[in-house]
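Subject: Structure for your attention

Dear colleague,

Please find below the structure that I should like to hand over to you. I would be grateful if you could keep it open while reading the notes that come after it.

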Amino acid sequence: MSEELIIRLATPADVHDMMALALSACDENGFVDPNPEKLLAEIWPALNRDHGLIGMIGKEGGKPEGAILLRIGTMWYSDNQVLEEKAIFIHPEYRSAKGGRARKLCEFSKQVSDSLGIPLIIGVLSDNRTEAKVRLYERQFGKPSGAYFLYNAKTGGWKKAAE
C-alpha cells in the first residue's frame, strides 16, 4: 500500500533543505542568476510564518520532495493583501512518482487562500514542459488571467550562460 502524501508546514529547521530546493528551482526555472541572500530573505520569514509560509512534502528531517513558498503582500497598486506564490517546485527525483505532488501543492495553496480569505496569485514561468504545467493549473485554478513573456531570456538560461 502506498503512503499518502502529507504537506506539512516547514519550520526554521528546514532552512538548509529549503535553500537547496530553491537553488535547484532557480537552476531549472530562473532566467537571471540567483542571489542566495535574496532567496533567504523570502524563505526565512516564511519558515517563521511571518507574512507567509512554506508547504513542504516530506518527513521532518528527511529530504523534501517538493515545496511551495507562499508570501503575503500587496500588489503595487493596492493596500489589500494577496497570497503570492513565489515558487512551487518538485524535486526531479519525485516528478514521475505517483501521488500528484504538484497538484497537491496547488490544492494546498487554495486551502491557504481560503483560510486567510485573501486572493491567491499563482502562475507558470518555465520553458520546460510549460503546456503540461499550464493544463494542471487550468484544472486547479480555472481559466488563466494573462500570461508571462520573456524577451532576451530563457528560463534556465542563466545557468547555461554561466557554464
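The following paragraphs describe what was found, one region after another.

Please bear in mind from the outset that this is a predicted model.

Let us begin with helix H2. This helix covers residues 36-47, which makes twelve residues. From its first C-alpha to its last, H2 reaches 16 Å, close to the 16 Å expected at 1.5 Å a residue. Just ahead of the helix, Asn35 caps the N-terminal end of H2. The cap consists of a side-chain oxygen of Asn35 that lies 2.8 Å from the backbone nitrogen of Glu37.

Which residues of H2 are buried? They are Leu39, Ile43, Pro45, Ala46 and Leu47. As for their surroundings, the buried residues of H2 pack against helix H1 (15-29), strand S2 (52-57) and strand S3.

The region after H2 also deserves attention. H2 is followed by Arg49, which has a positive phi, near 55°. In the loop between H2 and S2 one finds His51. The phi of His51 is positive as well, near 60°, in a residue other than glycine. His51 counts as partly exposed because its relative accessibility is 45%, and the partly exposed class runs between the cut-offs of 20% and 50%.

Strand S3 spans residues 66-74 and contains Gly73. With a relative accessibility of 27%, Gly73 counts as partly exposed. Leaving aside residues up to four places away in sequence, Gly73 touches Asn80, Gln81 and Val82. The C-alpha atoms of Gly73 and Gly52 are separated by 8.6 Å, and these two residues are 21 residues apart along the chain.

Two buried polar residues come next. Asn29 lies in helix H1. Its relative accessible area is 17%, and Asn29 is therefore buried, since buried means under 20%. When residues up to four places away in sequence are not counted, Asn29 touches Phe89, Leu125, Ser126, Lys133, Thr155 and Gly156. The other residue, Gln140, has its place in helix H4. At 13% relative accessibility, Gln140 counts as buried. Its contacts, again without residues up to four places away in sequence, are with Arg103, Cys106, Glu107 and Lys110.

Leu125, one of the residues touched by Asn29, is found in the loop between strand S5 (120-121) and helix H4 (130-141). Is Leu125 buried or partly exposed? Leu125 counts as partly exposed, because its relative accessibility is 32%. Leu125 also belongs to a nonpolar surface patch of about 440 Å². The patch is made by Phe31, Val32, Leu125, Tyr148 and Leu150.

Finally, I would point you to Asn152. This residue lies in the loop between H4 and helix H5 (157-162). Asn152 is exposed, because its relative accessible area is 71%, and exposed means over 50%. The phi of Asn152 is near 65°, a positive value in a residue other than glycine.

As a starting point, you might locate H2 in the model and find its cap, Asn35. From there, you could turn to His51 in the loop between H2 and S2.

With kind regards,

A colleague

Key. Residues are numbered from 1 along each chain as its sequence is written. This is a predicted model: local features need pLDDT of at least 70, side-chain atom pairs count only at pLDDT 80 or more; totals for chains, interfaces and linings use all residues. Side-chain values use heavy atoms; hydrogens and water are left out. Helices (H or I, at least four residues) and strands (E, at least two) are DSSP runs, numbered from the N terminus. Buried means under 20% relative accessible area, exposed over 50%, partly exposed in between (1.4 Å probe, protein chains only). Contact means heavy atoms within 4.5 Å. Patches are made of residues with over 30% relative accessible area and no salt bridge: like charges are joined within 9 Å, nonpolar side chains (Val, Leu, Ile, Met, Phe, Trp, Tyr) within 5 Å. Accessible areas come from the Shrake-Rupley method with a 1.4 Å probe; for residues, only the protein chains shown count as cover. A salt bridge is a side-chain nitrogen of Lys or Arg within 4 Å of a carboxyl oxygen of Asp or Glu. The expected span of a helix is 1.5 Å times one less than its number of residues. A polar contact is a pair of N or O atoms within 3.5 Å; within protein, one must be able to donate a hydrogen and the other to accept it, and residues adjacent in sequence count only if both atoms are side-chain atoms.
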